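Please open the model in a viewer and have a selection tool ready. The stops below follow one another as a sequence of selections.

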Amino acid sequence: MTAETPENHPLVPTQGSETMPPVVAATLCVAVKADGSPCRSRPQPSSAYCWFHDPALAERRSEVGRMAAATSHRRTCLTPGSKAPQLQSAEDVRTLLSEIVHQLRTGVIDRATANGLTYACQIALRTIDARDLQRRIEALETAAKARR
Ligand SMILES: [Zn+2]
């Protein structure tokens, strides 16, 4: 990133310039954005740069980004020690779906998480159906053998 000093910033008029009122220009960050346009944000107190461009705040910006990412992740997950729901029946899946809908509506989880959980519920339901069908077939086979 190339940054300009206040002295050569295009929005900071030189003495006697009539293109822009100095009071407005002096309140803008002196950095140039990636697309080459000047930053239009207000500078930090006692700095020529805004929060996003101040080189002195680079470490703090990284820290805030890491904290936001960690908080975002925490928001979408249960705590690591929490007990996993037992999905043994269609009723168990229905109960979990009710929780997912409630958590989505109250903002505890985001839509992507709700979509993933709903998909997992569909797979669990198919697995339960397949298991139930297998048990019925086995019961019929046992009954058929007993009749012979
Ligand atoms: Zn800036």
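Begin by selecting residues 1–18 of this predicted model, where pLDDT stays under 50. For this stretch the model has 26 contacts beyond four places in sequence. Extend the selection to residues 20–24, over which pLDDT likewise stays under 50; here the model has four contacts beyond four places in sequence. Colouring the whole protein chain by confidence places these segments in context: the average pLDDT is 81, and 77% of the residues score at least 70. Among the elements of the chain, the lowest mean pLDDT, 46, belongs to H1, and the highest, 95, to H4.

Next, display the whole chain as a cartoon. Four helices and zero strands appear, in the order α-α-α-α from the N terminus on. Of the 148 residues, 8% count as buried. If contacts between residues at least 6 apart in sequence are considered, 35% of them join residues at least 24 apart.

Now select Ser46, in the loop between helix H1 (22–25) and helix H2 (58–75). What is the sign of phi at Ser46? The value is positive, near 60 degrees, in a residue other than glycine. As a rule, most residues other than glycine have a negative phi. Ser46 is exposed, because only 5 other C-beta atoms lie within 10 Å, and the limit for that class is 12 or fewer.

Proceed to helix H3, residues 90–105. H3 has 16 residues and reaches 23 Å from its first C-alpha to its last, close to the 22 Å expected at 1.5 Å a residue. Within H3, pick out Gln103. Is Gln103 buried or partly exposed? With 17 C-beta neighbours inside 10 Å, Gln103 counts as partly exposed, since a buried residue needs 20 or more. Leaving aside neighbours within four places in sequence, Gln103 is in contact with Val108 and Ile109. A distance drawn from Gln103 to Ala114, C-alpha to C-alpha, reads 8.3 Å, with the two residues 11 apart in sequence. Just after H3, select Gly107, which takes a positive phi of about 80 degrees.

Continue to helix H4, residues 111–147. H4 has 37 residues and reaches 54 Å from its first C-alpha to its last, close to the 54 Å expected at 1.5 Å a residue. How many of the 37 residues of H4 are buried? The count is zero, and H4 is hardly covered.

Finally, show H3 and H4 together. Two packed helices are described by the angle between their axes and the distance between the axes. The axes of H3 and H4 come within 10 Å and cross at roughly 175 degrees. H3 is therefore roughly antiparallel to H4, as angles over 145 degrees count as such. To see the contact, select Ala90, Val93, Leu96, Leu97, Ile100 and Leu104 on the H3 side. On the H4 side, add Arg111, Ala114, Leu117, Thr118, Cys121, Ala124, Leu125 and Ile128. Coloured by class, the contact of H3 with H4 shows 12 nonpolar residues, one polar and one charged.

Conventions. Residues numbered from 1 in each chain as written. Predicted model: local features only at pLDDT ≥ 70, side-chain atom pairs only at ≥ 80, totals over all residues. Helix = DSSP H or I, 4+ residues; strand = E, 2+ residues; numbered from the N terminus. Contact = placed C-beta atoms within 7 Å. Axes fitted to C-alpha atoms, helices over the stretch in contact; angles between N-to-C directions. Parallel < 35°, antiparallel > 145°, perpendicular 65-115°, else oblique. Nonpolar A, V, L, I, M, F, W, Y, C, P; charged D, E, K, R; others polar. Expected span 1.5 Å × (residues − 1). pLDDT = per-residue confidence, 0-100.
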